[in-house]
Amino acid sequence: IAGINKRFLLQATLHAAIETALAIGVLSELSRDKPKSVAELAVITQSDPVLLCKYLLVGSVSFVACIA
């Protein structure tokens, strides 16, 4: 049962991170031609850079360097 609960929690967390990234426009910015840093994405989406970095890491967009 613990394994099932853990898997459900991870799926729910991943889903929430992806939904949030979609809602604030991060994914549309990442799909543009030029790569952007977390600091640039935070300015564009008017979000906190530390929290944005965590969302990107949870959402498996781990190619993003979380260095401000």
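**Figure 1. Salt bridges in the predicted model.** The count of salt bridges in this predicted model comes to 2. One of them joins Arg32 to Glu29, with the closest N and O atoms 3.3 Å apart. In another, the side chains of Lys36 and Glu29 meet, at 3.5 Å from N to O. Glu29, Arg32 and Lys36 are thus linked in a network of salt bridges. As background, side chains of opposite charge can pair when their charged atoms come close.

**Figure 2. The surroundings of Glu29.** Glu29 lies in helix H2, which covers residues 26-30. Is Glu29 buried or exposed? Glu29 counts as buried, because its relative accessible area is 12% and buried means under 20%. Lys36, its partner in a salt bridge, is partly exposed, with a relative accessible area of 21%. Leaving out residues up to four places away in sequence, Glu29 touches Lys36, Leu41 and Ile44. Lys36 therefore appears both in this list of contacts and in the network of salt bridges with Glu29 and Arg32, a salt bridge being a side-chain nitrogen of Lys or Arg within 4 Å of a carboxyl oxygen of Asp or Glu.

**Figure 3. The largest nonpolar core.** Which residues form the largest nonpolar core? This core has 8 residues: Ala21, Val26, Val38, Leu41, Ala42, Leu52, Cys53 and Leu56. Two or more of these residues come from helix H3 (38-45), and two or more from helix H4 (49-58). In soluble globular proteins, nonpolar side chains tend to be buried together. Leu41 is a member of the core and is also touched by Glu29.

**Figure 4. Ala42 and Leu52 within the core.** Ala42 is placed in helix H3. With a relative accessible area of 6%, Ala42 is buried. Ala42 and Leu52 are 10 residues apart along the chain, and their C-alpha atoms are separated by 6.8 Å. Which residues does Ala42 touch, not counting residues up to four places away in sequence? They are Ser47, Asp48, Pro49 and Leu52. For Leu52, leaving aside neighbours within four places in sequence, the contacts are Ile24, Val26, Val38, Leu41, Ala42, Thr45 and Ser47. Ser47 is in contact with Leu52 and is also touched by Ala42.

**Figure 5. Gln46 in the loop between H3 and H4.** Gln46 is found in the loop between H3 and H4. Its phi angle is near 55 degrees, a positive value in a residue other than glycine. Is Gln46 buried or exposed? Gln46 counts as exposed because its relative accessible area is 75%, and exposed means over 50%.

**Figure 6. Ser37 and Pro49.** Ser37 sits in the loop between H2 and H3. Its relative accessibility is 29%, so Ser37 counts as partly exposed. From C-alpha to C-alpha, Ser37 and Pro49 are 9.6 Å apart in space, with a separation of 12 residues in sequence. Pro49 is also one of the residues touched by Ala42.

**Figure 7. A nonpolar patch on the surface.** Which residues form a nonpolar patch on the surface? The patch consists of Leu14, Ile18 and Leu22, and together they have about 230 Å² of accessible area. Leu14 belongs to helix H1, which covers residues 2-24. With a relative accessibility of 30%, Leu14 counts as partly exposed.

**Figure 8. The protein chain as a whole.** The close-up views above belong to a chain with 4 helices and 0 strands. From the N terminus on, its elements run α-α-α-α. Of the 68 residues in the protein chain, 22% count as buried. The accessible surface comes to about 5000 Å², and 65% of this belongs to carbon and sulfur atoms. Among contacts with a separation of 6 or more, 36% are between residues 24 or more positions apart. The mean pLDDT of the protein chain is 76, and 69% of its residues reach 70 or more. Where is confidence lowest, and where is it highest? Confidence is lowest in H1, at a mean of 74, and highest in H3, at 91.

Definitions and conventions
Residues numbered from 1 in each chain as written. Predicted model: local features only at pLDDT ≥ 70, side-chain atom pairs only at ≥ 80, totals over all residues. Heavy atoms only, no water. Patch = residues over 30% accessible without salt bridge, like charges linked within 9 Å, V, L, I, M, F, W, Y side chains within 5 Å. Areas by Shrake-Rupley, 256 points an atom, 1.4 Å probe, with all protein chains shown as cover. Buried < 20%, exposed > 50% of the residue type's maximum accessible area, 1.4 Å probe, protein only. Core = buried A, V, L, I, M, F, W, Y, C linked by side-chain atoms within 4.5 Å. Contact = heavy atoms within 4.5 Å. pLDDT = per-residue confidence, 0-100.
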